[in-house]
Each structure stands twice: as structure tokens, then as C-alpha cells.
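Reader: I have a structure open and I don't know where to begin. Can you walk me through it?
Author: Yes. Here it is.

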Amino acid sequence: MTTLSPTHQLYRLAAERKSAEVTDWSARISWVIGLIVLIAFVYWLMRQGWKWRGSLQSGLSDLATTPAGYADGEKLLTLTGRYHASTTAGQWLDRIVAHGLGTRSRVELTLTAQGLDVVRPGATDFFVPAADLREARTDKALAGKVLPEGGLLVITWALGDQLIDSGFRSDHAAEHAAWVEAVNALAGPRTRTPLTSTTEGTAR
């Protein structure tokens, strides 16, 4: 067996040593730039779709504003929570974005004999006169948002000749039942277009 001298051993070790791979920064930067461009493009498409839907809904009547002296009336119920979305009544995926109704936000609801006052910090407030209230129910899905059963308070109301479902989630979900009872009592028996189920497909 041949024994290598120390010099030969060092030479052999040096020859076997592999150099570390050099990072190809130009390729990585290209990938990062490409990903950023793709994200920006998708975001732009979403914004264009939002604007397009808003233009299609431009014929909706203007939202009512809170009448003078409303705060002096007796409050039947109040609620703080989140406003999720509004859709065409009975169509849980047909989101309405006109008049700022597509913007999610915090919400403060006040119900009196005059109607429903919807105050949304950072978004458009609106008022639903008692004559325009149609019904209320608990549900689990609206505008593609799925929550546990009964997690949404959905109030159906009329904006001109359009029936709208607006979804709210109280900070205390146990309040939903009282709101359903109170809104339905205030709305009374009114003729309305029969609504289809709002929870179809994956929401079931």
C-alpha cells in the first residue's frame, strides 16, 4: 500500500475541495421583479372589475341620509360590529359596490320607529326608512364571505326598486336574534319578491 507524503495529501485535499456555488443575483432579481409585476397586474384587474361593477350599478337610487331629529327618537336597539357587504337580495355572490356599499368597515347600527341608521367610520353612512325595511334573518354567507351558522345578521331593504341584502356581524353575536325579531316587527307584512337561498354551493 502506497503511503502519500504530507505534501501529496494536502494537494489531494485541495483538488477535492469544491467551491461554493455562486448566487445568481440577476436571476433572483428578475424573478422578484416578475412576481411584483404579476401581483400589480392582478390588483389592477381587480380594481378595473370593481369599477366596472360600480358603473353597471350606477342606476341605483341614492342612499337616504339620517333625518333631522332622528337621535331624539326612542332607540329600539343599538349594535356595534362590522359591516361585511351588500348584495342583490337573494343572490349571495352578487355584490353591490355602488355608493360605497361594497366597502367593509366597522359599523354602528341604531334602530328606531323611523328606521335603521347605519354609521360606518371611514365609509359611507346611510339610512333605511322603516317603510323600506323588508325583513331580517341570520345567515352564514354573503358576498363570498362564509362564517359559522348564524354568524351574520342580514337585513333586506329596498333602495328604490332594488331589494338589497346587507350583512352585519355584531361584536356580540347573541344580539342577532333580537335584531331579527325587532326588524321584522318594524317591517311588518309587506309584499316583496320571493328570495332564493343566499347560501348555495360551497357555502352549504
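Reader: Which residues touch the most other members of the largest nonpolar core?
Author: That core has 26 residues, and Leu109, Leu116, Phe126, Leu133, Ile155, Trp157 and Trp179 touch the most other members. A nonpolar core is a set of buried Ala, Val, Leu, Ile, Met, Phe, Trp, Tyr and Cys residues joined through side-chain atoms within 4.5 Å. Buried means under 20% relative accessible area, exposed over 50%, and partly exposed in between, with a 1.4 Å probe and protein chains only.

Reader: Which elements supply at least two residues of this core each?
Author: Strand 1 (77–88), strand 2 (105–112), strand 3 (115–119), strand 4 (126–129), strand 5 (133–139), strand 8 (152–159), strand 9 (162–170) and helix 3 (176–187). Helices (H or I, at least four residues) and strands (E, at least two) are DSSP runs, numbered from the N terminus.

Reader: Is this an experimental model or a predicted one?
Author: This is a predicted model, where local features need pLDDT of at least 70, side-chain atom pairs count only at pLDDT 80 or more, and totals for chains, interfaces and linings use all residues. Residues are numbered from 1 along each chain as its sequence is written, and side-chain values use heavy atoms, leaving out hydrogens and water.

Reader: OK, the sheet. What is the strand order?
Author: The order is 4-3-2-1-9-8-5, in an open sheet of seven strands with antiparallel pairing. Two strands pair if DSSP finds at least two bridges between them.

Reader: Why is one side of strand 4 and of strand 5 left without a neighbour in the sheet?
Author: Strand 4 and strand 5 stand at the edges and have a single partner strand each, so one side of each has no neighbour there.

Reader: And how many bridges join strand 8 to strand 9?
Author: Seven, and the two strands run antiparallel. Val154, for example, has Gly167 in strand 9 as its bridge partner.

Reader: What does helix 3 touch when it packs on the sheet?
Author: Helix 3 touches strand 1, strand 2, strand 3, strand 5, strand 8 and strand 9. Its direction makes about 160° with that of strand 5; axes are lines fitted to C-alpha atoms, for helices over the stretch in contact, and angles run from 0 to 180 degrees between N-to-C directions.

Reader: One residue from that helix, then. Is His176 buried or exposed?
Author: His176 lies in helix 3 and is buried, with a relative accessible area of 1%. Among the residues His176 touches are Thr138, Leu152 and Phe168, contact meaning heavy atoms within 4.5 Å.

Methods
Lists of a residue's contacts leave out its neighbours within four places in sequence.
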